[in-house]
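Let's take a relaxed walk through a protein model and look at a few of its spots one by one. Keep the 3D view open while you read.

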Amino acid sequence: NSSDLSSSSFILASVPGLEAAHFWMAIPLCSMYIVAIAGNCAVLFIVKTEPSLHAPMYFFLCMLAAIDLALSTSTVPRVLSFYWFNTKEISFGACLLQMFLIHTLSAIESTVLLAMAVDRYVAICHPLRHAAILTNALTVKIGLAAMARGVLFFLPLPLLLLPLPFCSSRVLSHSFCLHQDVMNLACANTTPSVVYGLTAILLVMGLDALLICVSYALILRAVLQLASWKERLRAFSTCVAHIGVVLAFYVPLIGLSVVHRFGRGLAPLVRVAMGNVYILVPAVLNPIIYGVRTKQIQRRILSLIHIYKF
């Protein structure tokens, strides 16, 4: 049986046997969401108000913060509504919009992470030319290009799903909508959608990850050519925060992809948990990582705490 697309909806995934615990399961999610909102808003405010941070690396950090705010806000409130108010159904249109936002924002974040890797490469391998190469105007252009790239590559995903009929089984694997999850519920040939989705992932996230690895190989080669270990550690320490946010983004992404490709026999709790990790962990960790590694941000946070305390 196929459902009429104009009136179809999907059922968000719950954990069998733990429906009664949904209220308590939502509390850590809500807490992480609040931390993500507070942390990323703090990064945006600090970079805006601290002139010493008006540099390409921190403008890229602001882009990451804005992306994480948009990505978490496009999913977490709906998940909390499901857990707290048992609103299991999501309309077809809302599901496609959420799916488009998740994949597009993830692609933009991947592109920004690549731009940050190039920034680190130029700063370490060509320090005298860094200010001339990575200007503020170029940083803005890179941000706009990242947005255009994400939209152009992932706009076809919901469009390919629009004409498909969907079966009577409309239960998703996560508490939000992902392309592969929705596509698997279709009662028609999904080969074009499968091929395009895989191609888009490889040409965006896959290519970005490869180029980030190439950037760090060049950085490592340049660092090892320095005279002393002290100079090497000082140079490479400027990359630690970026490496942390790269891992915070790609490890959950790879984990979620593995769960989708090879985890059909896994418990529903694992799939739901991996989805929530993918959405929330980068948004929570990114401002913490840069807050710990950046002295200007630390000083600004401490001064704000001092002001509001007294």
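## Cysteines, bonded and not

The sulfur of Cys30 lies 15 Å from the closest cysteine sulfur, which belongs to Cys41, and that is too far for a bond. Keep in mind as you look around that this is a predicted model. Cys62 tells a similar story: the closest cysteine sulfur is again in Cys41, here 11 Å away, so a bond is ruled out by distance. For a disulfide, the two sulfur atoms have to be within 2.5 Å.

So which cysteines do pair up? Searching the whole structure turns up one disulfide. The partners are Cys95 and Cys177, with their sulfur atoms 2.0 Å apart. This pair ties together distant parts of the chain, 82 residues apart: Cys95 sits in helix α4 (residues 92–125), while Cys177 is in the loop between β4 (166–167) and α8 (179–183). If you look along the S-S bond, the angle about it is -120°, and the link of Cys95 and Cys177 is left-handed.

Are these cysteines buried or exposed? Here are the values for the four of them, bonded and unbonded.

| Residue | Relative accessible area | Class |
|---|---|---|
| Cys95 | 1% | buried |
| Cys177 | 0% | buried |
| Cys30 | 19% | buried |
| Cys62 | 14% | buried |

Buried means under 20%, so Cys30, at 19%, still makes it into that class.

## Two helices side by side

Let's stay with helix α4, the home of Cys95. How do we talk about helices that pack together? Two packed helices are described by the angle between their axes and by the distance between those axes. For α4 and helix α11 (residues 240–262), the axes come within 11 Å and cross at roughly 155°. That makes the two helices, α4 and α11, roughly antiparallel, because an angle over 145 degrees counts that way. Their crossing is left-handed.

Where do they touch? On the α4 side you'll find Ser106, Glu109, Ser110, Leu113, Met116 and Ala117, and they meet His242, Val245, Val246, Phe249 and Tyr250 of α11. Try clicking on a few of those residues.

## A serine with company

Now jump to Ser193, in helix α9 (residues 191–224). Ser193 has a relative accessible area of 2%, so it counts as buried. Its side chain makes a polar contact of 2.7 Å with the side chain of His179. If you skip residues up to four places away in sequence, Ser193 touches Leu160, Leu161, His179 and Met183. His179 therefore shows up twice, as the polar partner and in the list of residues touched, and Ser193 is buried.

## Val76 and Asn86

Helix α3 is where Val76 is found. Val76 is buried, at 4% relative accessibility. What does Val76 touch? Leaving out neighbours within four places in sequence, Val76 is in contact with Tyr33, Ile279 and Leu280. In sequence, Val76 and Phe176 are 100 residues apart, yet their C-alpha atoms are 8.5 Å apart in space.

Follow the chain on to Asn86, in the loop between α3 (76–85) and β3 (89–91). What is its phi angle? Asn86 has a positive phi of about 60°, although it is not a glycine. Unlike the buried Val76, Asn86 is partly exposed, with a relative accessible area of 49%.

Note on methods
Residues numbered from 1 in each chain as written. Predicted model: local features only at pLDDT ≥ 70, side-chain atom pairs only at ≥ 80, totals over all residues. Heavy atoms only, no water. Helix = DSSP H or I, 4+ residues; strand = E, 2+ residues; numbered from the N terminus. Buried < 20%, exposed > 50% of the residue type's maximum accessible area, 1.4 Å probe, protein only. Polar contact = N/O pair within 3.5 Å; in protein donor to acceptor, adjacent residues only side chain to side chain. Contact = heavy atoms within 4.5 Å. Axes fitted to C-alpha atoms, helices over the stretch in contact; angles between N-to-C directions. Parallel < 35°, antiparallel > 145°, perpendicular 65-115°, else oblique. Left-handed = near helix turned anticlockwise from the far one by under 90°.
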